[in-house]
Amino acid sequence: MGLSLTNKIIDKYFGILSLLDKDSKKRLIVKLTTSMEKRKEATVDLKELAGAWQDHRDSDEIISDIKMARMEKKDDVQF
């Protein structure tokens, strides 16, 4: 399963990509074709793409910890 684009967005990309020279277009076609072939071979588990958030705290505790860790911005920074 991959990212799905609307026809409007695809048309915008095509407008930009149509300006490429022939060699660049051919290389892009090869890369897109290769990526499609690889997708057919293997499925992607979303858990492999990014680590799942694991924490023993509830949401209120996490929010409180984030707020407590904030630092006040000082306007008079000197170097």
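## A pocket and a patch in a four-helix model

The largest pocket draws the biggest part of its lining, four residues, from H1.

Reader: Good place to start! Which helices each supply at least two residues of that lining?

Author: Happy to help, and please keep in mind that this is a predicted model. The lining of the largest pocket consists of Leu 5, Ile 10, Tyr 13, Phe 14, Leu 17, Leu 28 and Leu 32. Leu 17, for one, has its place in helix H1. The helices that each give at least two residues are H1 and helix H2 (22–41).

Reader: Where does Leu 5 lie?

Author: Leu 5 is one of the residues lining the largest pocket. Helix H1 covers 7–17, and Leu 5 lies in the segment before helix H1.

Reader: How many nonpolar residues does the lining of the largest pocket have?

Author: The residues that line this pocket include Tyr 13, Phe 14 and Leu 32. By class, no polar and no charged residues are found in the lining, and the nonpolar count is seven.

Reader: How much space lies in the largest pocket?

Author: A general point helps here: rolling a probe the size of a water molecule over the atoms shows where empty space is left. For the largest pocket, that space comes to about 190 Å³.

Reader: How far apart in space are Leu 17 and Leu 28, C-alpha to C-alpha?

Author: Both residues are among those lining the largest pocket. In sequence they are 11 residues apart. From C-alpha to C-alpha, the separation of Leu 17 and Leu 28 in space is 9.3 Å.

Reader: Is Leu 17 buried, partly exposed or exposed?

Author: Buried would require under 20% relative accessible area, and exposed would require over 50%. Leu 17 has 34% relative accessibility, so Leu 17 counts as partly exposed.

Reader: What is the area of the nonpolar surface patch that includes Leu 5 and Leu 17?

Author: A residue needs over 30% relative accessible area to join a patch. Leu 5 has 37%, and Leu 17 has 34%. Together with Leu 3, Ile 9, Ile 10, Tyr 13, Ile 16 and Leu 20, they make a patch of about 760 Å².

Reader: Which side chains meet in a salt bridge?

Author: The count for this model comes to one salt bridge. Its partners are both partly exposed, with relative accessible areas of 37% for Asp 65 and 24% for Arg 57. At 2.3 Å, N to O, the side chains that meet are those of Asp 65 and Arg 57.

Reader: And what share of the 79 residues counts as buried?

Author: The protein has four helices and zero strands, and it exposes about 8600 Å², with 58% supplied by carbon and sulfur atoms. Of its 79 residues, the buried share is 3%.

Technical notes:
Residues numbered from 1 in each chain as written. Predicted model: local features only at pLDDT ≥ 70, side-chain atom pairs only at ≥ 80, totals over all residues. Heavy atoms only, no water. Buried < 20%, exposed > 50% of the residue type's maximum accessible area, 1.4 Å probe, protein only. Areas by Shrake-Rupley, 256 points an atom, 1.4 Å probe, with all protein chains shown as cover. Patch = residues over 30% accessible without salt bridge, like charges linked within 9 Å, V, L, I, M, F, W, Y side chains within 5 Å. Salt bridge = Lys/Arg side-chain N within 4 Å of Asp/Glu carboxyl O. 1 Å grid on protein atoms, 1.4 Å probe; cavity = no way out; pocket = protein on both sides within 12 Å on 5 of 7 lines; lining within 4 Å. Points joined across faces, edges and corners; volume = space filled by probe spheres on them. Nonpolar A, V, L, I, M, F, W, Y, C, P; charged D, E, K, R; others polar.
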